Amino acid sequence: MSRARGDLELQVFAALAAGDGAMTTSDVRDALGGELAYTTVMTVLGRMAEKGLATRRRVGRSYEYTAVVDSAEVAAHQIHRLLDARGDRAAVLTRFARSLSAEESQLLVDLLQDSE
């Protein structure tokens with residue numbers, strides 16, 4: 001039986017989100033029943049990390065993955081990914097800040113002051 005596009009990603013995300021912390025590719029594969037190829041699970045996890053749906057951290061020769069569980073966190077990771085992809089973070093942040101409304105700017109100022 002074939003899967004619809006995105007079904008496997010949803011299953012991998014559900015397994016990752018249900019995990020009790022960071023999981024390796026083998027952990028996720030085992031949580032899904034162990035029938036999928038290791039490389040298939042690894043590819044899906046890599047794509048999820050690229051989309052900001054999961055974070056990954058190198059551990060030895062492999063990665064551990066953690067699901068990003070809310071839409072605000074997904075958006076934050078996507079912003080970080082975009083900033084990382086650009087050479088001039090200051091230019092991107094400056095243009096972004098100039099596009100904010102007065103209320104959004106004040107919220108950002110308040111958040112930055114609270115984080116100090």
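T25 is a buried residue in this predicted model, since its relative accessible area is 5%, under the 20% that marks the limit for burial. This threonine is found in helix 2, which covers residues 25-31. What surrounds T25, once its neighbours within four places in sequence are left aside? The partners in contact with T25 are Y38, V41, M42, L45, Y63 and Y65. Of these partners, L45 also takes part in the contact between helix 1 and helix 3, described further below.

Burial of this kind can be set against the chain as a whole. Buried residues make up 19% of the 116 residues. The chain contains six helices and three strands, and their order along the sequence is α-β-α-α-β-β-α-α-α. Is the chain compact or spread out? The radius of gyration is 18 Å, whereas the globule rule gives 13 Å for 116 residues, so the chain is more spread out than a compact globule. Along the principal axes, the C-alpha atoms fill a box of roughly 50 × 35 × 30 Å. Among contacts with a separation of 6 or more, 40% join residues that are 24 or more positions apart.

The next part of the picture is a pair of helices. Two packed helices are described by the distance between their axes and by the angle between those axes. For helix 1 (residues 7-18) and helix 3 (residues 38-51), the axes come within 10 Å and cross at roughly 80°. Angles of 65 to 115 degrees count as roughly perpendicular, so helix 1 is roughly perpendicular to helix 3. Helix 1 contributes L8, E9, V12, F13 and L16 to the contact, while helix 3 contributes T40, V44, L45, M48 and K51. By character, these residues divide into seven nonpolar, one polar and two charged.

Helix 1 is also the place of A14. With a relative accessibility of 44%, A14 counts as partly exposed. How far apart in space are A14 and A67, which are 53 residues apart in sequence? Their C-alpha atoms are 8.5 Å apart. A76 and Y63 offer another pair to look at: these two residues are 13 residues apart in sequence, and 21 Å lie between their C-alpha atoms. A76 lies in helix 4, residues 71-85, and is partly exposed with a relative accessible area of 35%. Y63, for its part, is one of the residues in contact with T25.

Attention now turns to the strands. T55 has its place in strand 2, residues 54-59, and counts as partly exposed at 27% relative accessibility. T55 and Y65 are ten residues apart along the chain, and their C-alpha atoms are separated by 5.5 Å. Beyond its neighbours within four places in sequence, T55 is in contact with E64, Y65, T66, V68 and H77. Y65 thus appears again, having been listed among the contacts of T25.

E64 belongs to strand 3, which runs over residues 62-67. Which side chain makes a polar contact with the side chain of E64? The partner is R57, at 2.8 Å. Not counting residues up to four places away in sequence, E64 touches A22, M23, T24, T55, R56, R57 and V59. The contact between E64 and T55 therefore appears in the lists of both residues, given a contact cut-off of 4.5 Å between heavy atoms.

Definitions and conventions: Residues numbered from 1 in each chain as written. Predicted model: local features only at pLDDT ≥ 70, side-chain atom pairs only at ≥ 80, totals over all residues. Heavy atoms only, no water. Helix = DSSP H or I, 4+ residues; strand = E, 2+ residues; numbered from the N terminus. Polar contact = N/O pair within 3.5 Å; in protein donor to acceptor, adjacent residues only side chain to side chain. Axes fitted to C-alpha atoms, helices over the stretch in contact; angles between N-to-C directions. Parallel < 35°, antiparallel > 145°, perpendicular 65-115°, else oblique. Nonpolar A, V, L, I, M, F, W, Y, C, P; charged D, E, K, R; others polar. Rg over C-alpha atoms; globule rule 2.2 N^0.38 Å. Buried < 20%, exposed > 50% of the residue type's maximum accessible area, 1.4 Å probe, protein only.
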